[in-house]
Amino acid sequence: MRIPILKLYDYLLISIQVELDDQTALRFQEDLLNKIHQEGSSGVVIDLTSVEVIDSFIAKVLGDVIAMSNLLGAKVVLTGIQPAVAITLVDMGVKLKGVPTALDLEQGLEKLQQELER
Amino acid sequence: MSVQSCVEVNSEWGIVAARQEGRSLAKDIGFGNVDQARITTAISELARNIYLYANQGKVCMEVVELFDKHKLKRGIKVVAADQGPGITDVRQVMEDGFTTSGGLGAGLPGVKRLMDEFSIDSKENEGTTITVVKWLR
């Protein structure tokens, strides 16, 4: 399974609509980095509206992909984290430190613009 | 009532299968959204530990009932068992941030916080059984 990565001007948009298994998550990591490199993207929005479970492994992969994207010069904003997922992550003690987040895609794009202007 | 379902974990797909099974059972019993996420995430961690450290094992879940203060409590019990190498230092794996797999180290202490009851039984070279329960409120 592959997660589609859409291009919008200088940005990349990803909406994760599938149940994330480990392989899919790791392939996504690689695909996204290649795409950033290929397109010279400056910003990425990853929308997690449809994601119902983020366990510590998936959280690690997400955290890594954000750090790796930053190394390539692209800012990443996470959007659409469900309340139940946020509660679970904090219960688990998983902190996505310093990761910009927004409620939905629209606010995510605004946030990205702010991040890039800083 | 005793409905037990087990999922064999011997690949990454087993992790997904176990958590799907867990979510559907939690939903059936009447757990809300947030507890469904907690239970599903806990199962995911337990199943991943099996796959990561023991290669194979199984995750079984069942509905449990208990009379507590003249009221019938219902809940979900999850048993994750493997015949892997076992855990040498249980106290150490229950510390936040401890990891031997390069993960976040949030696994077992995280599971404990997500669930209401947690017990671990591990013998070196024999295997590990972790039992967790979440009660309906």
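This is a short tour of a predicted complex, stop by stop, with a suggestion of what to select at each one.

**Before you start**

Residues are numbered from 1 along each chain as its sequence is written, while chains are lettered from A and ligands numbered from 1 in the order in which they are written. Since the model is predicted, local features need pLDDT of at least 70 and side-chain atom pairs count only at pLDDT 80 or more, whereas totals for chains, interfaces and linings use all residues; side-chain values use heavy atoms, with hydrogens and water left out.

**Stop 1: colour by confidence**

Colour chain B by pLDDT, the predictor's confidence in each residue, from 0 to 100. The mean for chain B is 91, and 94% of its residues reach 70 or more. Look for helix α3 (residues 90-93) of chain B, where confidence in that chain is lowest, at a mean of 84. Then find strand β5 (residues 127-135) of chain B, where it is highest, at 97. Helices (H or I, at least four residues) and strands (E, at least two) are DSSP runs, numbered from the N terminus. For the complex, the predictor gives an ipTM of 0.88 and a pTM of 0.91.

**Stop 2: B:R38**

Now select B:R38, found in helix α2 (residues 33-54) of chain B. Is B:R38 buried or exposed? With a relative accessible area of 15%, B:R38 is buried (buried means under 20% relative accessible area, exposed over 50%, partly exposed in between, with a 1.4 Å probe and protein chains only).

Show what is in contact with B:R38 (heavy atoms within 4.5 Å). Leaving aside neighbours within four places in sequence, the list holds A:I87, A:T88, A:D91, B:L114, B:K134 and B:R137.

Next, add B:D35, which forms a salt bridge with B:R38, the closest N and O atoms being 2.8 Å apart. A salt bridge here is a side-chain nitrogen of Lys or Arg within 4 Å of a carboxyl oxygen of Asp or Glu. B:R38 and B:D35 are separated by about one helical turn because they are three residues apart in helix α2 of chain B. Like B:R38, B:D35 is buried. To see the wider picture, select A:D91, B:D35, B:R38, B:D116, B:K134 and B:R137, which are linked in a network of salt bridges.

**Stop 3: two other salt bridges**

Over all chains, the salt bridges come to 16. One of them joins B:R48 and A:D22, with the closest N and O atoms 2.3 Å apart. This pair crosses between chains, from helix α2 of chain B to helix α1 (residues 22-39) of chain A. B:R48 counts as buried at 5% relative accessibility, and A:D22 counts as buried at 5%.

Stay on helix α1 of chain A and select A:K35 and A:E39, which lie four residues apart and so about one helical turn from each other. Their salt bridge has its closest N and O atoms 3.8 Å apart. A:K35 is partly exposed at 23%, and A:E39 is partly exposed at 31%.

**Stop 4: the cavity**

Rolling a probe the size of a water molecule over the atoms shows where empty space is left. On a 1 Å grid over the protein atoms alone, a cavity is a set of points where a 1.4 Å probe fits but cannot get out, and lining residues have an atom within 4 Å of a point. Points are joined across faces, edges and corners, and a volume is the space filled by probe spheres set on them.

The whole structure holds one cavity of 30 Å³ or more, and the largest cavity has about 30 Å³ of space. Select its lining: A:I16, A:L20, A:A25, A:F28, A:I58, A:V61 and A:L62. Helices α1 and α2 (56-71) of chain A each supply at least two of these residues, with α2(A) giving the most, three. The lining divides into seven nonpolar, no polar and no charged residues (Ala, Val, Leu, Ile, Met, Phe, Trp, Tyr, Cys and Pro count as nonpolar, Asp, Glu, Lys and Arg as charged, and the others, Gly among them, as polar).

Methods
On a 1 Å grid over the protein atoms alone, a cavity is a set of points where a 1.4 Å probe fits but cannot get out, and a pocket is an open set with protein on both sides within 12 Å along at least five of seven lines; lining residues have an atom within 4 Å of a point.
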